[in-house]
Amino acid sequence: MVLDFVIPSPHGTTWGLGGTCVNVGCIPKKLMHQAALLGQALHDSRKFGWEYNQQVKHNWETMIEAIQNYIGSLNWGYRVSMRENAVAYINSYGEFVEHHKVKATNRKGQATYYTAAKFVIATGERPRYLGIQGDKEYCITSDDLFSLPYCPGKTLVVGASYVALECAGFLAGIGLDVSVMVRSILLRGFDQEMAEKVGSYMEEHGVKFLRKFVPVMIQQLESGSPGKLKVVAKSTDGPETIEGIYNTVLLAIGRDSCTRKIGLEKISVKINEKNGKIPVNDVEQTNVPYVYAIGDILEGKPELTPVAIQAGKLLARRLFGGRIEKCDYINVPTTIFTPLEYGCCGLSEEKAIDVYGKENLEVYHTLFWPLEWTVAERDNNTCYAKIICNRPDNDRVVGFHILGPNAGEVTQGFAAAMKCGLTKQLLDDTIGIHPTCGEIFTSLEITKSSGLAITQKGC
Amino acid sequence: MHQAALLGAQIQDAHHYGWEVTHPVQHDWKKMAEAVQNYIKSLNWGHRVQLQDRKVKYLNIKASFVNEHTVCGVTKADKKTLLSADHIVIATGGRPKYPMHVEGALEYGITSDDIFWMKESPGKTLVVGGSYVALECAGFLSGVGLDTTVMLRSIPLRGFDQQMSSLVTEHMASHGIQFLRGCTPSRVRRLPDGRLQVTWEDRASGNEDSGTFDTVLWAIGRVPETRSLNLEKAGVIISPDSQKILVDAWEATSVPHIYAIGDVAEGRPELTPTAIMAGKLLAQRLFGGSSALMEYDNVPTTVFTPLEYGCVGLSEEEAVARHGQECVEVYHAYYKPLEFTVAERDASQCYIKVVCLREPPQLLLGLHFLGPSAGEVTQGFALGIKCGASYKQLMRTVGIHPTCAEEVAKLHISKRSGLDPTVTGC
């Protein structure tokens, strides 16, 4: 049995079966990113001989409808899948009332009670608000953006998470005036050299960055779809205050676990009081043996769809399939779908230095120019690749980073190779596929420590 | 040019994503050719500069052997020079083959040597051949809007996994490229209006047929550039079948100080990166005190057809031949790239399979990926295979979502099970 219920966002947005990824995460994000990439492709295509009317506009409503239709088909697919596997799907809000018993409340407020031998909590997270005047009434979040029935217009994105940068990226890519307000650093937790490069590329391509500011007040000047909002922000670095007028303010400052109002205290499931996350052991079990947890709510685990799916699958196999395999959380690859995509697996350079010590590491790096960008006259010496190797351990690759097109497609295979103990020697011994971006990793020669230039030459 | 074709398809996708592109959308061959040619020239220039920087003398002369240490070079102006050296490396590559038995083939047909340098559009084109060169050219010609036909004597992509090859051509056929299978050309004639009339024979029925084209592109294989080298004068032995130069694991020919690398060498994959690496390692062995030899197994490659095909390791046929059907397990999946959904593109041939040993931990023998960005997807997995990856390790790798590549790490339906390998869900 599945108890799935979406509490509407402050703006009233809700969605179907499938969780964050399908409805308000990875899927619509990537599709909107694709819309932005296609805008770029339209631009490039002229250099490759394609000719059509210069004026190309983007229609938000067309895009939203197409994306929502696709999401609808996924929701439907999951409903069918549940039925086919005899899983009861109850569209109700679940909370524990006592051991082994949950109360399920539907949209109309009617409550039903269920008991079970085992429980899995996979309630995920929801976007955080600023806690300032006007935030809930006038700001939207990723919960709302992907089904917004009108074009957001001139947008201020508040935050420096990958959610913030990805959204800012595709909004700019479809032609909107976009600003990003950042409190301190970009992409906290990610390799900072790569994060800065991601940001620089966005800035060079028209996204405005307001660094070291936090909003203190949001005021509505005009209502509408979209309306007009005035944002007042204070510097974190001094007394300066700035003001700006936007059609839309999108908050992307983090997500909070949905663990505080599901009755966990009634059955004594321990959570981290600070962040609401649930600590589990290596078989995803909470401190209460019959209660398991998977996904974004887990303490210390990557907040990624495939991780949640893998953990869930393996958990089911252990509980009912007689298997013993545990979820492997080591070297989980990920990709940020910003205008210039960033794929990575393993450690950031900072983390690697922490773990292994600078003297034990060798970092190989290079700039590269994708072949497709040459004729398109796009930036050379912008795409960047680096690997971090642990010298005492056979130059084992402990960190893999690529900034370039199709970063996800490139990174996936290297993640599999890292799972098999990839070393620098093995990279050097492998032939590259030509011409691709990925092949760059088979011919990395220049180390950071050498200080040599990494600008491009040759085919 | 493949990129130009891909961009054409993306223009079509764009309106599904909200871009209001006014039709008609045309392609200007001249503009594309000029841009491509300019880029190539910049690479030519770049190589000249690099050679200069490294104090390598570049002589634009046609060379042939006089004896095992001496080479005679002839310039364009017919001036002769003699050069001698301690070590000689032959990397003369190959050139496209013409079907000399076909009347008019040489006068009226062109090859890949010519297509990339044409200033005017080739127009309605007949591509003869089933090689990756044939299919890739037919692919981009069709992709930029030209009426394209492929004539195949027998199977496409000989030497490649045949199930994958079929899917490649199936995709091309369902996207407007005509295929004349089991046909061989017999004659090419120029018509009064300047167009070409090609006559061919259908091998199965014996019937003759003909068609009119603006361009005939021969892509029936390449011959190594060895005949004009006077190799016998140096004592360098070639294979009587392929005409390629016989080499050992050190890239040495039958004459110890004469080496051969790249497409001209027998038994080597005809790929740029292998030639480059072989050359680098050779230089390191000769002058850098290294003893590292080139490894030619598990070389990944990608065929850049409209739907790209990336592969590394053994084809299913090769794996079965080597290990026996009972000892081989194939996991496969038909998937749909997320970008195709909203674009309403046909994903029928988007397919992945891994060929492994059946015995645990199920060592990976080969990976085959048909879909967008196939080269990018395949490269990393080639590393995995180099690291001795097993299916078990592949399954422990978490996918990056949403990508096409993650479908490789999610493969779980075996051919043997007979279950439907279509991926469902997000």
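Which residues in helix 11 of chain A meet helix 10 of chain B, and which residues of helix 10 do they meet? The points below take up this question first; the structure under review is a predicted model.

1. **The contact between the chains.** From helix 11 of chain A, the residues involved are A:Glu409, A:Val410, A:Gln412, A:Gly413, A:Phe414, A:Ala416 and A:Ala417. They meet B:Glu376, B:Val377, B:Gln379, B:Gly380, B:Phe381, B:Leu383 and B:Gly384 of helix 10 of chain B. Sorted by class, this contact has 7 nonpolar, 5 polar and 2 charged residues.

2. **Geometry of that contact.** Helix 11 of chain A covers residues 407-419, and helix 10 of chain B covers residues 374-386. Their axes are 6 Å apart and form an angle of about 10 degrees. Angles under 35 degrees count as roughly parallel, and the two helices are therefore described as roughly parallel to each other.

3. **Helix 2 of chain B.** This helix has 25 residues, 29-53, and reaches 36 Å from its first C-alpha to its last, close to the 36 Å expected at 1.5 Å a residue. At its N-terminal end, B:Asp28 acts as a cap, with a side-chain oxygen 3.1 Å from the backbone nitrogen of B:Lys30. Just after the helix, B:Lys55 takes a positive phi of about 60 degrees.

4. **Burial in helix 2.** The buried residues of helix 2 of chain B are B:Trp29, B:Met32, B:Ala33, B:Val36, B:Gln37, B:Tyr39 and B:Leu43. Their cover includes an element of chain A, helix 10 (371-375). Chain B itself contributes helix 1 (2-14), strand 2 (26-27), helix 4 (112-115) and helix 5 (132-143) to that cover.

5. **Helix 6 of chain B.** The 12 residues of this helix, 162-173, should span 16 Å at 1.5 Å a residue, and the end C-alpha atoms are 16 Å apart, which agrees. At its start, a side-chain oxygen of B:Asp161 reaches to within 3.1 Å of the backbone nitrogen of B:Gln163.

6. **Burial in helix 6.** In helix 6 of chain B, the residues B:Met164, B:Ser165, B:Leu167, B:Val168, B:Thr169, B:His171 and B:Met172 are buried. The elements of chain B that cover them include helix 5 and strand 10 (178-181). Also included are strand 18 (309-313), strand 19 (328-334), strand 20 (351-357) and strand 21 (364-370).

7. **B:Ser142 in helix 5.** Is B:Ser142, a residue of helix 5 of chain B, buried or exposed? Its relative accessible area is 17%; buried means under 20%, so B:Ser142 counts as buried. Beyond its neighbours within four places in sequence, B:Ser142 is in contact with B:Thr148, B:His175 and B:Ile177. B:Ser42 lies 100 residues from B:Ser142 in sequence and 27 Å from it in space, C-alpha to C-alpha.

8. **B:Thr148 in strand 9.** Strand 9 of chain B, residues 148-152, holds B:Thr148, which is buried with a relative accessible area of 0%. A polar atom of the B:Thr148 side chain lies 3.3 Å from the backbone nitrogen of B:Ser142. The B:Thr148 side chain also reaches the backbone oxygen of B:Leu146, at 2.9 Å. Not counting residues up to four places away in sequence, B:Thr148 touches B:Thr125, B:Val127, B:Ala138, B:Leu141, B:Ser142, B:Gly176, B:Ile177 and B:Gln178.

9. **B:Ala63 in strand 3.** Within strand 3 of chain B, residues 62-67, B:Ala63 is partly exposed at 29% relative accessibility. Its contacts, leaving aside neighbours within four places in sequence, are B:Val71, B:Cys72, B:Gly73, B:Ser228 and B:Leu229. B:Ala63 and B:Thr81 stand 18 residues apart in sequence, and their C-alpha atoms are 9.2 Å apart.

10. **Two residues of chain A.** A:Thr141 belongs to strand 10 (residues 140-141) of chain A and is buried, at 1% relative accessibility. Apart from neighbours within four places in sequence, A:Thr141 is in contact with A:Pro127, A:Tyr129, A:Leu250 and A:Leu251. A:Ser268 sits in the loop between strand 18 (255-257) and strand 19 (291-293) of chain A. With the same kind of neighbours left aside, A:Ser268 is in contact with A:Asn287 and A:Val288. A:Ser268 and A:Glu98 are 170 residues apart in sequence and 9.6 Å apart in space, C-alpha to C-alpha.

Technical notes
Residues numbered from 1 in each chain as written. Chains lettered and ligands numbered in written order. Predicted model: local features only at pLDDT ≥ 70, side-chain atom pairs only at ≥ 80, totals over all residues. Heavy atoms only, no water. Helix = DSSP H or I, 4+ residues; strand = E, 2+ residues; numbered from the N terminus. Expected span 1.5 Å × (residues − 1). Buried < 20%, exposed > 50% of the residue type's maximum accessible area, 1.4 Å probe, protein only. Contact = heavy atoms within 4.5 Å. Polar contact = N/O pair within 3.5 Å; in protein donor to acceptor, adjacent residues only side chain to side chain. Axes fitted to C-alpha atoms, helices over the stretch in contact; angles between N-to-C directions. Parallel < 35°, antiparallel > 145°, perpendicular 65-115°, else oblique. Nonpolar A, V, L, I, M, F, W, Y, C, P; charged D, E, K, R; others polar.
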